[in-house]
Amino acid sequence: MVHQPDWKALRAEFPTLAHWTYLDVARKTVAPRCQERALQEYTRDVYENAGADAWAADNVAETRALLAQLLGAKPSEIAFTKNTTEGLNIAAHAFDLRPGDNIVLTNMEHPANVWVWKHWEAKGVEIRYAQHRNSRLPLSAFAERIDERTRVVSTAYVTYGNGYRVNVPELGRLCRERGIRLVVDGVQAAGILAAPLNGLGADIVSIGGHKGLFGLTGSGIVYCREALVDKIKTPFVKQPGGAVPETVRAHANSQFDYVRTAHRFEGGNPNFLGVRVLRAGAEFLQSIGLEHIEGRVRELTTECLRQLKAAGLQTLTPEAWEESAQIVNVLAPDAAGIMMRLREKHRVAVNVKDGALRLSMSFFNNEDDIGKAIRAIRREMAVTPVA
C-alpha cells in the first residue's frame, strides 16, 4: 500500500498560511519551517564555529547530489546559479551561431527568456516566435517556425501566464531529429511536476530556487545534459577542455573541475547560504515525494477549474492536466485593482500576469483556499466599474 502524505500536517509547516490565503506560488513560495531552521543553523555555525560547516565545500557537493537525485539528473549535470535568468543567459551564450541561423522562442515567454537571446540579432541571427493557438503551444506551433537554419529552440516548460504546459519530451524528440538545441525555462515546473530532467530531452534547463524548490531568491540551478556539458562555451571558462597551465594545475585541480562537469558554469564562491536552504528544501520535497506532490497539485488545479466554471468565471488555462500544472488564470476587468483589494480586504494573495488574475497553488494549499479566493474574486468583480 502506497503511503499518502498527511497534507494537513504538511500545511502546518508553513506559518504564513495561518494568516493568509496564499495562491501566488508562481511568483514566490512562502517559506516552510525547514527554511527557518536552515537559516538558523547557518548563522549559528558562523557564530560558534567560524563558518566551518556553513562555508564547507562538502555541503555544496552534497546539495548538488541531493538536487540531482530529486530532479532526475547526475550531479555533474547541475550547476548553481542565482536565478532562472542567469541559467538562460548561460544558454544564450553557449552555442556558436552564424549569420542566417535562427532561434525559435514563443510569444508566451517570460521576458527573461526573450531578452537573453536578443544579442544575437546584431550578429545576423534571426529570432522567431512560435505563435500560440488559443493560449496553447502544441508541437505544430514550433514545427511551423523551424527550418534547416534553426539552431536553438527555447521555451518555458510551464508558461508563466495561463500555466500552459508545453509537451517538452515531444518537442525534445523533434529537436534531436533535426540537430537543434533545446533550452527550457523550468522554474514553474520544478518541485511541482515529477518528470525527471534527464527524461525531458532538453539540453539545458534553468530553474530559479525561490518557487517550487523552497529556496531563497538569489539561488537556483541550471541543468546541462552530460554529453553537452564540456562542449559548450561558458561566460567563465571560454575554451571547453582547454589545458590548465602547469604552474596552476595542482591548485586548480584541487579546487575545481571546470572541464568535465556543470561546475564549469560557476565562478568563485557559491551562495553558501542559498545552497544550504536549497538543501533543506530538497530534503523536505524528497520526504514527501514529487509523485505525491504532483498528484495533490493536480487535484487542487482540477478543483480550481471546476469552481471557476461553477462561478461563471472565465479562464484560459486548459482543463487537461497534460496541458497544465499549478497555474490557473482568471479573466477579470481591472485585474490589478482586484488583486490589490484581495490582499487588502480578504488577505488573499494572487497575482496579475498578461492582464488576468493568476492563481497558483502548491501541495500546502487546500480546497478551502480555492473557495475563499474565488468567492472574494466574484465579490470584487461585482464592484469593479466596467470601462
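Is F14 buried or exposed? Hi everyone, let's start right there. At 2% relative accessibility, F14 counts as buried, since the cut-off for buried is under 20% relative accessible area. One thing to keep in mind as we go: what you see is a predicted model.

So who sits with F14? One partner is F214. The two rings form a tilted aromatic pair, with 5.6 Å from centre to centre and 50° between the planes. Have a look at where they come from. F14 is in the loop between α1 (7-11) and β1 (21-22), while F214 is in the loop between β7 (204-208) and β8 (220-224), so this contact ties together parts that are 200 residues apart in sequence. F214 is buried as well, with a relative accessible area of 2%.

F14 has another aromatic partner, and that is F284. This pair is also tilted, at 6.0 Å centre to centre and with 50° between the planes. F284 belongs to helix α9 (residues 272-288), so its pairing with the α1–β1 loop, where F14 lies, bridges parts 270 residues apart in sequence. Both F14 and F284 are buried.

If you would like to colour the whole group on your screen, pick W7, F14, F214, F284, F363 and F364, which form one aromatic cluster. In total, the structure holds nine aromatic pairs.

Now let's turn to charges. Side chains of opposite charge can pair when their charged atoms come close. How many salt bridges does the model have? The count comes to 25, and I have picked out three of them for you.

My opening example is E266 with R64, whose closest N and O atoms are 2.8 Å apart. E266 lies in the loop between α8 (246-255) and α9, and R64 in helix α3 (residues 57-71), so the bridge ties together parts that are 202 residues apart in sequence. Are these two partners buried or exposed? E266 counts as buried at 9% relative accessibility, and R64 counts as buried at 10%.

Next comes D101 with R151, where the closest N and O atoms are 3.4 Å apart. D101 sits in the loop between α4 (84-92) and β3 (102-106), and R151 in strand β5 (residues 150-156), which puts the partners 50 residues apart. Here D101 is buried, with a relative accessible area of 3%, whereas R151 is partly exposed at 29%.

The last of my three is D203 with R181, with 3.8 Å between the closest N and O atoms. D203 is in the loop between β6 (181-185) and β7, R181 is in strand β6, and 22 residues separate them. D203 is buried, with a relative accessible area of 4%, while R181 is partly exposed at 30%.

Some salt bridges also share partners: D334, R341, K345 and E380 are joined into one network that way.

Let's finish at the surface. Which residues form the positive patch? They are R343, R347, K372, R375 and R379. Helix α12 (residues 367-382) gives the most to this patch, with three residues. R379 is placed in that helix, and with a relative accessible area of 47% this arginine is partly exposed.

So that was our route, from F14, buried at 2% relative accessibility, out to a positive surface patch that includes R379. Thanks for listening, and I am happy to take questions!

Definitions and conventions: Residues are numbered from 1 along each chain as its sequence is written. This is a predicted model: local features need pLDDT of at least 70, side-chain atom pairs count only at pLDDT 80 or more; totals for chains, interfaces and linings use all residues. Side-chain values use heavy atoms; hydrogens and water are left out. Patches are made of residues with over 30% relative accessible area and no salt bridge: like charges are joined within 9 Å, nonpolar side chains (Val, Leu, Ile, Met, Phe, Trp, Tyr) within 5 Å. Accessible areas come from the Shrake-Rupley method with a 1.4 Å probe; for residues, only the protein chains shown count as cover. A salt bridge is a side-chain nitrogen of Lys or Arg within 4 Å of a carboxyl oxygen of Asp or Glu. Lys and Arg count as positive and Asp and Glu as negative; His and the chain ends are not counted. The place of a charge is taken as NZ of Lys, CZ of Arg, CG of Asp or CD of Glu. Helices (H or I, at least four residues) and strands (E, at least two) are DSSP runs, numbered from the N terminus. Buried means under 20% relative accessible area, exposed over 50%, partly exposed in between (1.4 Å probe, protein chains only). Rings of Phe, Tyr and Trp (its six-membered ring) pair if their centres lie within 6.5 Å; planes under 30 degrees apart count as stacked, over 60 as edge-to-face and the rest as tilted.
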